[in-house]
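Visitor: I'm new to reading structures. Could you walk me through this one and tell me how each label is earned?

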Protein chains: 4
Amino acid sequence: MFQALRETGALFLWNEIMSNIKKAAILGASGYTGVEVIRLLQHHPKLEISALTGHSRAGERAGDVFANTAHLGLPDLQDWQEVNWPDIDVAFACLPHGASQETIAEILPHVPTVVDLSADFRLRDPELYSKVYGRPHNFPDILEEAVYGLSEWARESLREAKLIACPGCFPTCTLLPLLPLLKDELIETSSLPISAITGVTGAGRKASLGLTYTELAEGAHAYGVGSHRHAPEIDQIIERVTGQKTNVSLTPHLVPMNRGMITTTVVKLKEPNTYNELRESLKATYQDSKFITVLPEGDIPQTRHVRGSNRCHMNVFRDRTAGTAIVIAVIDNLTKGSSGQAIQNYNLSQGWEENLGLDIIGFFP
Amino acid sequence: MFQALRETGALFLWNEIMSNIKKAAILGASGYTGVEVIRLLQHHPKLEISALTGHSRAGERAGDVFANTAHLGLPDLQDWQEVNWPDIDVAFACLPHGASQETIAEILPHVPTVVDLSADFRLRDPELYSKVYGRPHNFPDILEEAVYGLSEWARESLREAKLIACPGCFPTCTLLPLLPLLKDELIETSSLPISAITGVTGAGRKASLGLTYTELAEGAHAYGVGSHRHAPEIDQIIERVTGQKTNVSLTPHLVPMNRGMITTTVVKLKEPNTYNELRESLKATYQDSKFITVLPEGDIPQTRHVRGSNRCHMNVFRDRTAGTAIVIAVIDNLTKGSSGQAIQNYNLSQGWEENLGLDIIGFFP
Amino acid sequence: MFQALRETGALFLWNEIMSNIKKAAILGASGYTGVEVIRLLQHHPKLEISALTGHSRAGERAGDVFANTAHLGLPDLQDWQEVNWPDIDVAFACLPHGASQETIAEILPHVPTVVDLSADFRLRDPELYSKVYGRPHNFPDILEEAVYGLSEWARESLREAKLIACPGCFPTCTLLPLLPLLKDELIETSSLPISAITGVTGAGRKASLGLTYTELAEGAHAYGVGSHRHAPEIDQIIERVTGQKTNVSLTPHLVPMNRGMITTTVVKLKEPNTYNELRESLKATYQDSKFITVLPEGDIPQTRHVRGSNRCHMNVFRDRTAGTAIVIAVIDNLTKGSSGQAIQNYNLSQGWEENLGLDIIGFFP
Amino acid sequence: MFQALRETGALFLWNEIMSNIKKAAILGASGYTGVEVIRLLQHHPKLEISALTGHSRAGERAGDVFANTAHLGLPDLQDWQEVNWPDIDVAFACLPHGASQETIAEILPHVPTVVDLSADFRLRDPELYSKVYGRPHNFPDILEEAVYGLSEWARESLREAKLIACPGCFPTCTLLPLLPLLKDELIETSSLPISAITGVTGAGRKASLGLTYTELAEGAHAYGVGSHRHAPEIDQIIERVTGQKTNVSLTPHLVPMNRGMITTTVVKLKEPNTYNELRESLKATYQDSKFITVLPEGDIPQTRHVRGSNRCHMNVFRDRTAGTAIVIAVIDNLTKGSSGQAIQNYNLSQGWEENLGLDIIGFFP
């Protein structure tokens, strides 16, 4: 595209466009959500990467950390303290929780926008945070100003947001299909058993015996049973959006694939609603959403069809008994579940079209 | 072992043992449950393979159909009509449903015991069969005499059984953890949302685009949503064993691994029962069962730990809300979920110890 | 990007760009190389998809054939006879060999450019074709005008080419590292043992027992041993480019991954050359090639770093004995090994920059 | 089997057998070769496990280290110093090199037989060891008495061996097919380019970023290029067995599967030999070997067919040119490539049949 423009000789226009390019810093660029931001920004017409940070790997070239980026001419990794912050328009914070709040507290005064991909600013209540994450929240003041960025449900509040808390992957994949049904009062709040499947990238990039190929290949298992940290986050947003109190049951399962997430929820219909109303609710809610597809009746979502894209495929199915239905949604945990939604949120904060730079299709096969 | 015996020169004893060896025919030996029976019988001291059948591959050597068996000196595959049935003590029928009932009706008069791994004799009611499998059941008389072989719950009825209907893999993995809880009246019957994960061998061995590596690797999806054929089978057995009517919700998911199955069920406790009673019920029920392990408190079952074995690992977990709990079980769908349980059932039918030949540990890594 | 342009109101410029967009037809769009062309053209500023054909699936929507493309507004699949050929600027033929030559013979008079991804126009000699592919070549006249499109070695001949024969994946991954060494007369031609590894997509999209997940997962095997069809193609190009006759030994191995290819060749150095000259030859040859990276000394190429990109990573290593060296290259068999190189070739045929629309980084993790 | 015996009431015989059971200690039981010895000994009629050691996990239950063994009643892990050595008949040392020699030096005086699975006693020359492994060999005296246990080529020397050095996996998979051809002087020694593929278990069980699922899935790469430690070991054995000096080229590739190994070697025939002589040589050499199958002409070995078994499948193929041939062999790197061969060697050392306890077929699917 850039070449095409240059070739036309429209230098004036070219310069105007380039002068509007925003500069991004990626904090924690040596992790998987970090490199996913790098991958996605490759095609973003209004964002360029100006700084990469990575505490343990500061001083290394980007290509040493992720060999697929070696030819891009990216900046070397550095400590976040060394970044020339006045030069930065937006920081994508891809840091572990705990570290994220500490760093963001420091840089927030110096950067127009911070998009946090960690869990640190998702829970509005610092006491709940402390209970769920086993550490105090040290910045309740900042917490208050964070905008929870489930993009499709936060377009207004994201506009000109300064600190954006991107949702967890399970909440994203759960709330997108359930919020319309709850808001339209089609289903009961008393029983929301969510069974989820996730790929291994969700566990991050780290040397851990439990994450080795040999321990994970050719097998599956649940984890965080009865206590996954994303369950309170889901309840919080359901209440905020619909005013209804819930106590969802969330059981994630880890299976041998790199990317991908499914949530399957058995919902009880409020009488006299039927399956048809559920489908209509989803279709009406998302008819203008660029990334969400309510599949044709009967089509079952597959994670591989959204792999590497910012898309969510969903559908609702009749169950064996009249009063229940099954709601299924899939995303790529690294993209719509993390880095893609982060960029979508930044687009919205700037008043840009939300799919700017994100119109990539699922990577299949 | 055989060598050891021979070396001692105990020829008399040796001869006596050998004269008690039963002869097995495997029908449908070119499929995965067929070769799994072959694999398991390798170590069975009282069973030897005398015939292999396979309609489409009749005339081929076993080693051409499954190269891992080439050195075993197995009989060639033949049409089932060519088997010398008076010579056979037991037929393991590893055929597709439909074909299975037709074949079994023919051979049943000529063989002391038939162990059916298909779905054809699982549902007691021929009309239900017809509705679920989309074809009539042509042998309702035979249906009546079939013993449903969920081994741990059918030890008595299996004794001297002539026709054994082995349970489906999902029913096995669901009923083993739920039956004790239902029988002990610890949980509600009104809400049983079962989410299941299975490996690809469950779909059988066939040329199908949807089963190719490229279509399945690095992705996951649900299937049979709202209508899986194993759901009525689960209801039937719950009613038979506990007298309680249910309408379970079963959503299976296919993930990229060859073997393994998880069922995760969110159960509602009958007041005033607690999580502790659930655990005690499972432990008490299975304390003498050789293949079932109720894991230590908090330990999460993993399919890879039972891969290739006839074992079932299970556990129960507190959920976020007091009145619910999460029940998880894992099996190998080909072993305890099919061919292993078939052999276990035959052992029981003969009055042998049920673990005869089946004491193999999970194949890991 | 398009939005950005529209927003600036530069309608005049916009119209000029759009009027220069070429229209592409993809023949055989229901296969993996077909959908890979679709994926890559998403970001091409000068090409748009106007027609998709697929014999067995004519009449279906693109989203039914590849669910990841459902939201793109692609044309439905049709028979190639139904395409409005005068409207098409370029046809990417992703057909099986045999079918490809027949179809191309029909459409070539009506389309400015045909890029053939099949094997039908790779071998210049129709008798060799007949011997290797077991069928006659019916269009020797057309064969003569085909340009063999190993992009980096055919930039001149591709300019204004009408029929482009894209190389096989193994030849691409073998010739790119070996041609410089042979051309610079650094290595012997008498011994070129090439061991290769490929992902499963190389076998195409078809229902085949041998390609099922269960038959391929957790195992590896060689195939086409001593007789792979790509070996004569490699010899042909070595001779054409360097004038040297060879008889390469090529042993491909199939391993459980969707995409990716490695070639490892043990080369004998012509005295008095050393390993250093090999490295310098590769670096000098490809210093201006946008898609080829000669890795830093000692770094080993990994397929995952080029997955989904049009890139080739290569390196050369000292072996244990002074007179030999090991040459390793990796590509994505579907991208640089097929659909990506096809687009690169079309770019070159039009005098565009060769990386137009292809600047995507490896999809990792 | 045991039940069968008990049932016959042959108590006298039973007691005699049991009194001949040897007691095994497994050193380093928390690694993959350790648990593989455990798995295989399950069915060994003359060996039982009396002690398990594991430095970092001493005090843990076996089931905590490998959950698949939880029900076996195995001894807890302990420090090797705590083992009651006078009670032990054989130690299987599954330790890292370096640690292995130190431990073995201590226990060798107290145990009748030590089977070392590490690299510490494979290279006869301590200076070569020091050069290859980057550390001195501290026990050259012990080194001299070690018997190199490539079972099929060491049956005589293994008889009553006290210290057995089990070969590396690559040497096993390379030497088995090449030794007959070299010994029969059918192929040249000057050019032996070996390309190998291995599963991930070969790297051991450890927390390492490079071994995580996310870094290894869906990709492949070579490693140890030009310098793999097993190359000098291969040369050493070729010279010892055939008197011929070689300088093999070995390039291993890591691919996403847990177990399995292929070696593919392009050999040059000594005139006037032909491919037929190669096949005859392999068949004649191994006609009485219980674990080695020379496949039917044209059949290509697949790792999945020997997975979990102690078998080696091999074959030889015509290459495109008359004077060369391609030799391919497959093993399971953990079984015939390590723990299985270790037990086979102990069997031979005791004068037992070499396949005692090892007659298990490949685990497929």
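**How the labels are earned**

Guide: Let's start where chain A and chain B meet: 100% of the interface residues of chain A are also interface residues in chain B, so the copies meet through the same surface. Keep in mind that this is a predicted model.

Visitor: How many residues does each chain bring to that contact?
Guide: There are 41 from chain A and 41 from chain B. To be counted, a residue needs its C-beta atom within 7 Å of one in the other chain. The elements of chain A that give two or more residues to this side are strands E8 (193-198), E9 (221-222), E10 (249-254), E11 (261-268), E13 (312-318) and E14 (324-331). By class, the side of chain A that touches chain B has 18 nonpolar, 17 polar and 6 charged residues.

Visitor: What makes the relation between chain A and chain B that of a two-fold axis?
Guide: Here's the general idea: two copies of a chain are related by a rotation about an axis and a shift along it. For this pair, a turn of 180 degrees with a shift of 0.0 Å along the axis lays chain A on chain B, and the RMSD is 0.0 Å. That is the relation of a two-fold axis.

Visitor: And what rotation superposes chain C on chain B?
Guide: It takes 180 degrees, with 0.0 Å of shift along the axis and an RMSD of 0.0 Å. Here too the same surface serves both copies, as 100% of the contact residues of chain C recur in chain B.

Visitor: How many residues are in the contact between chain C and chain B?
Guide: Chain C puts in 17 residues and chain B puts in 17. On the side of chain C, helix H10 (residues 213-216) gives the most, with 3 residues. That side divides into 9 nonpolar, 5 polar and 3 charged residues.

Visitor: Let's zoom in on one chain. Why is chain A called as compact as a globular protein of its length?
Guide: Chain A has 13 helices and 14 strands. Its radius of gyration is 21 Å, and the globule rule gives 21 Å for 365 residues, so chain A earns the description. The C-alpha atoms fill a box of roughly 60 × 50 × 45 Å along the principal axes. Of the 365 residues, 61% count as buried.

Visitor: How do you know which parts of chain A count as separate domains?
Guide: The bounds come from a domain assignment, which gives domain 1 (2-145) and domain 2 (170-333) of chain A. Their centres, taken over C-alpha atoms, are 28 Å apart. In the contact between them, 9 residues of domain 1 meet 7 residues of domain 2. Helix H6 (residues 126-133) of chain A gives the most to the domain 1 side, with 3 residues.

Visitor: What makes E9 and E12 of chain A edge strands?
Guide: Look at the open sheet of 7 strands in chain A, with the order E9-E10-E8-E11-E14-E13-E12 and mixed pairing. E9 and strand E12 (292-294) each have a single partner strand, so one side of each is left without a neighbour in the sheet.

Visitor: How do you know that E13 and E14 of chain A are paired?
Guide: Pairing needs at least two bridges, and 6 bridges join E13(A) to E14(A), which run antiparallel. In one of them, Met314(A) has Ala329(A) in E14(A) as its bridge partner.

Visitor: Why does Ala322(A) count as exposed?
Guide: A residue is exposed if 12 or fewer other C-beta atoms lie within 10 Å of its own. Ala322(A) has 12 C-beta neighbours inside 10 Å, so it counts as exposed. You'll find Ala322(A) in the loop between E13 and E14 of chain A. Its C-alpha atom is 8.5 Å from that of Tyr275(A), 47 residues apart along the chain.

Visitor: And what makes strand E2 of chain A mostly covered?
Guide: Buried takes 20 or more C-beta neighbours, and 5 of the 7 residues of strand E2 (residues 47-53) are buried. E2(A) also pairs with strand E1 (residues 22-27) of chain A in the parallel sense, over 6 bridges. Across that pair, Ile26(A) stands opposite Leu52(A).

Notes
Residues numbered from 1 in each chain as written. Chains lettered and ligands numbered in written order. Predicted model: local features only at pLDDT ≥ 70, side-chain atom pairs only at ≥ 80, totals over all residues. Contact = placed C-beta atoms within 7 Å. Helix = DSSP H or I, 4+ residues; strand = E, 2+ residues; numbered from the N terminus. Nonpolar A, V, L, I, M, F, W, Y, C, P; charged D, E, K, R; others polar. Rg over C-alpha atoms; globule rule 2.2 N^0.38 Å. Least-squares fit on C-alpha atoms with pLDDT ≥ 70 in both. Domains from an automatic or database assignment.
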